Amino acid sequence: MSYPVAKTLSTVLASLLLLGLGSAQARTVRIIQADNLEMNTVDDQDIVVISGERVELHIDDDVVVATRVEFNRTHRTLTLVGQGRYDAIDSAGNEQHMTGENLVVNLGTQALTGEDVIISDSTLQIRGEAIERVPGRLSAQNSYFTPCARCGRTPNDYAFKAARLLLYPGDRLIAYQATLLLADAPVLYLPVIALPLNDATRQPKFSYASDAVDGRTIKADLPFALGSNVLGTTLLRHYQNRQSHYGFGTDFTVYTPMPYIDKINGYFLALPKPITAAVDDDESGYNLDYTFGIKGRYDLENTVSGLSYTLTTVHREIDLSSTDTSKGVTFINGGADVTYTNVPRVSNVKVNVTIADRRGPEPTTALSTVLKKPEITVDPDAFRYTYRSGSTLSADFKITVGNYMAASNPLNRTVSREGPNFATWRLQEEHRIAFNARPWLGGDFMAYNNFVGKYYLSGQRAVDLDVGFALSQTFGLRPPDLPYTTTYNSFGTSITPTASLGNWVFGFKYLRREGVGPFSFDRLDSKRISAPINLAVNLTPTSGVSFKLSQDYDIVLPADQQSPADFAVSVAREPLQLNLDIKHDFFHTELESVSASGSYGAQAARGLNVAFSGSYTRTDGPGLLTTSVKVIGGVRTNNVGVSVTSDLKKREVQSVTITGNAVRSRDTVLNPVTLSASETINLQSPHADGSYTVNWRNFTLNSTHSLTLPRGALAAYKATSTPTNPSAYNLYVYNPDTVYFSVGNVAGSSYSSYGSGYTSGNYGSYTSTASSSNWYNWQQLAPGALAWNLKYGGPYDLSTQTWTKPALTLSLTATRPAQRLSTQATLAMPGSQETSSPYLQAASVGGDWQFNRRAAISGLASYSRRQNTDGSEVNETLNLQPLAFNFAFGPHERPDAYLTATFQQTLTWQNGLRTSITPFRPILLLTVDRCCWAFQAEVNPLERRFRIGFVLPGAGQVTAFENTTSGNSFPVFSLDGLNKLGQ
């Protein structure tokens, strides 16, 4: 049968296929685009053919694109007939694109096979005659691969051909019977090649250190590969002063060693015991760390995706003190999950087995985790039955049984006396049962039973029961087919008829929580027995108006513990907004609480708006009352408002806030003026905080202040020491009032940012992206502009109406396309606590000019001055990087080479005397960017230094040769250089 997938039917057909895949598979398949579906049966196999000019399927996060896809529901495979593409995303989020002929995807094992396939990711491009992919590994026959293909370089600088290739994404690539190609010409035959990829933990590492305790310490991590499915690292250690000098270990991963095992992880490290000062410590022998993990899946009939399991053991001794409770303990964690399908009445049943145990010394303190030895959970799908009348009955059950060891419940005296931990079996049964019905027009009935019961082999039990029902009746129903005409009030708000005039609800609950269990992790902190009856009436007489009245009565509690009645009113119709909630205790004839808020007047149009909010409680009395008045002009941005917050208990005003915004209504294009102001005065602890801004055309004038009334304050607080500032103990920090004034351009209106060709202090390091993106990846530039800002102010003493330590800051930035010049200077000005004449506190100037997309010049100079509060010591620093020349060679879009020439110098003074000077250091740096690798040559004639380096995939910047006044060196062959290669 063939069905055209029309737009109106595509969603239905996609859902049908989704059910067909999802019910039998763990992976979810969605049809995004297709033209036809064909359903056939061939040799007792159900085949679904999806075809069209473009067929796109999503398998979870993976994407399949082809013109014809055959889904074998019996064998659970997808075949991409002809040319197709499969885009896979691994657990780390890395993308891998595979294109080829007749790709076959196994939905159960997530494996993929194909012919004449091209595989590409962010690092490599691989071409193979035949490929086979399983999770974590990809193999290819008669393959060609190169890191340079992704860059579009022609010809490729270096590449490889291999008879067989194994790729472990994010880890490494291993090629057998490989030939090295330079510019696609064969130059060297190698029996095996192993290339490290992105994972730093899988790179070779070397390190050397020396200290007074262990002496010389050498560490080496050497990766290895055994066969096609074993990857690992050999761990070697040497300690000069320890009794046992040598340490050893391994870290390995085995992929699919046998059926039903997907992966095995192992880690083992034995280190000689460290040298300690304690006399009783035995320094002979070894400390051991080891981890073993296994993960797999076992196919079972009538299950969603078989049985999946994991098992992990962890043992730690290295770097743990003798008092650490986890030292020498082996922790075991495991689990198994399976979901049975086609179970009568419930469809699916989930079964989970969890193991969390430990081997070693018995714990002497309370356990921080729960030990499960084991725990088994059976969770069937919810049962649901619909009667002919439309009533529904649903039931959901879950059973958990396990043998636990955990911290004792402090509320259980019997258990607490036996020790900090307790062990016993526990059975937990949970269920949720609900019945819903509509017995008559407008009536709704609902009954439920929620229960959690915990039963322990030690004799204790704990139960939590919640059972009840609710009956509601809606009255004044408006017939759905009754025509009506929408009306509007004087403010333009539509008045829509309500669906009903309201309803009443009568309900009853019985809540019971009791019992004391032996464990702390699942204890019930309080007992509870309650049986409340609830009666509520809800009225909606007209659009935007609602009333609610409710009362609870608990038949178990005495009258003095009953809940108050709740009466609520809500009005949301222009010009009135009102919310009122009143709680009254009729059993004591007392008003419990009142909360109210509302406004009257215009909200978004010209007029007056008055608003308020306040509250009252029987125990605390009246709360804060906030009232506000806001006047809105003809333009909504023209408004002024006053808000007053009052403390009714003290009968005094707490704070007053005045806000205002205005826009000139005439000549808004040539001469626009906007004003915004805000001032808050706190009268309880007298303080004034305000901000005022005036914008005219492209200029802005701003003033901010924070003042303590009436005469100001130079507040001081005692700072305490912190790990980052240990000297702050007993230090008094002064936090005075402040006043600032500034004038300048309107922020954000001057220019757009663009790429700069030179970064100060970065001439000695290279990254392949820095050159292309920072120098030549241009953004759209704005016309030339001048941005400036002048700011004066600082700490302010209101009692004398003077600044204590003011400063004047001027910043100026001039821009034109491909050009920028910026400068900033801060002057310390005289004040009541700064009697010296004005002096330059900080300054900087910098700029760059990029022209012809080939060359750029830039420069930067900065000055700073710091002095003690008593003026006894003045330190000055001048950093000069006056000029840097940057040149690019090669294509406009991505240059092949970059030449940088720069100068640097640093000068320092203390109390006017020069303490340090470094002469100008001219540095010439040549970088040849070949995308998959880069060459660097650096010349520093003043220091007589010449360096040759490389940037290699997975290794970063590596210095191969260096010539200085002390002689020649080859850092790449030193321990430090080898370690860099590993990183």
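The protein chain of this predicted model exposes about 54000 Å², of which carbon and sulfur atoms supply 57%. Of its 983 residues, 34% count as buried, and the secondary structure of the chain comprises 4 helices and 62 strands. Among the contacts with a separation of 6 or more, 44% are accounted for by residues 24 or more positions apart.

The largest nonpolar core has 42 residues, and those with the most contacts inside it are Leu-57 and Tyr-86. Separate from this core is a second one of 6 residues, which includes Tyr-404, Ala-406, Tyr-456 and Phe-519.

Asn-940 offers a local example, lying in strand S59, which spans residues 934-940. Because its relative accessibility is 3%, under the 20% limit, Asn-940 counts as buried. Leaving aside residues up to four places away in sequence, Asn-940 touches Pro-922, Ile-923 and Arg-945.

Confidence should be weighed alongside these features. The mean pLDDT of the protein chain is 81, and 82% of its residues reach 70 or more. Two stretches with pLDDT below 50 are listed here with their contacts in the model.

| Stretch | pLDDT | Contacts in the model |
|---|---|---|
| Residues 726-733 | below 50 | 19 contacts beyond near neighbours in sequence |
| Residues 748-782 | under 50 | 80 contacts beyond four places in sequence |

Where pLDDT is low, the predicted coordinates should not be read in detail. The 19 contacts of residues 726-733 and the 80 contacts of residues 748-782 are accordingly reported as features of the model.

Notes: Residues are numbered from 1 along each chain as its sequence is written. This is a predicted model: local features need pLDDT of at least 70, side-chain atom pairs count only at pLDDT 80 or more; totals for chains, interfaces and linings use all residues. Side-chain values use heavy atoms; hydrogens and water are left out. A nonpolar core is a set of buried Ala, Val, Leu, Ile, Met, Phe, Trp, Tyr and Cys residues joined through side-chain atoms within 4.5 Å. Buried means under 20% relative accessible area, exposed over 50%, partly exposed in between (1.4 Å probe, protein chains only). Helices (H or I, at least four residues) and strands (E, at least two) are DSSP runs, numbered from the N terminus. Contact means heavy atoms within 4.5 Å. Accessible areas come from the Shrake-Rupley method with a 1.4 Å probe; for residues, only the protein chains shown count as cover. pLDDT is the predictor's confidence in each residue, from 0 to 100.
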